[in-house]
Amino acid sequence: MENLTTIVKALDAKHAEDIVVLDMQQFSPIYDYMVITTAKNDRLAAGILRELKDLEAETGLELKRIEGAHAAQWILADFGRVIVHVFTPETRLEYNLEKLWRDVPRLDVEGMLA
């Protein structure tokens, strides 16, 4: 959970919007948490990606894989037990992962940021 909080705080620090954390522990054998967030534009998405990469060096969190960095419309960052999706607003609406996973419990993001 500490790693999850570190990731959420890093996203917030880089102005990621509408951060949602899904507790996937009962739904996925691969990861425990899915973080979904929005970057206002491609440039901000790229900045958020840089921040996530910096976490690896600063905290020792292992960033196992990154997908979509070249287009920055939908970036997936795989931290092992935590998966982070960074969308532009239009792409987030298009894929609507929150609706797809609507039955999954959500964690209190505000509590992580306090």
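**View 1. The buried aspartate D23 in a predicted model.** D23 is buried (under 20% relative accessible area with a 1.4 Å probe and protein chains only, where exposed is over 50% and partly exposed lies in between), yet D23 has no salt bridge, and R81, the nearest side chain of opposite charge, is 9.2 Å away. A salt bridge here is a side-chain nitrogen of Lys or Arg within 4 Å of a carboxyl oxygen of Asp or Glu, while for charge Lys and Arg count as positive and Asp and Glu as negative, with His and the chain ends not counted. This is a predicted model, in which local features need pLDDT of at least 70 and side-chain atom pairs count only at pLDDT 80 or more, whereas totals for chains, interfaces and linings use all residues. Residues are numbered from 1 along each chain as its sequence is written, and side-chain values use heavy atoms, with hydrogens and water left out.

**View 2. Surroundings of D23 in strand β1.** D23 is found in strand β1, where strands (E, at least two residues) and helices (H or I, at least four) are DSSP runs numbered from the N terminus. The side chain of D23 makes a polar contact of 3.0 Å with the side chain of Q25; such a contact is a pair of N or O atoms within 3.5 Å, of which, within protein, one must be able to donate a hydrogen and the other to accept it, and residues adjacent in sequence count only if both atoms are side-chain atoms. Not counting residues up to four places away in sequence, D23 touches D32, Y33, V104, P105 and L107, contact being heavy atoms within 4.5 Å.

**View 3. The open sheet and its edges.** An open sheet of 5 strands has the order β1-β2-β5-β4-β3 with mixed pairing, two strands being paired if DSSP finds at least two bridges between them. Because β1 (17–23) and β3 (65–67) stand at the edges with a single partner strand each, one side of each is left without a neighbour in the sheet. β1 and β2 (residues 33–38) run antiparallel and are joined by 5 bridges, and the bridge partner of V20 in β2 is I36.

**View 4. The loop residue T88.** T88 lies in the loop between β5 and α3 (89–95), and T88 counts as buried because its relative accessibility is 1%. The side chains of T88 and T91 are joined by a polar contact of 2.9 Å. The C-alpha atoms of T88 and T38 are separated by 5.5 Å, although these residues are 50 residues apart along the chain.
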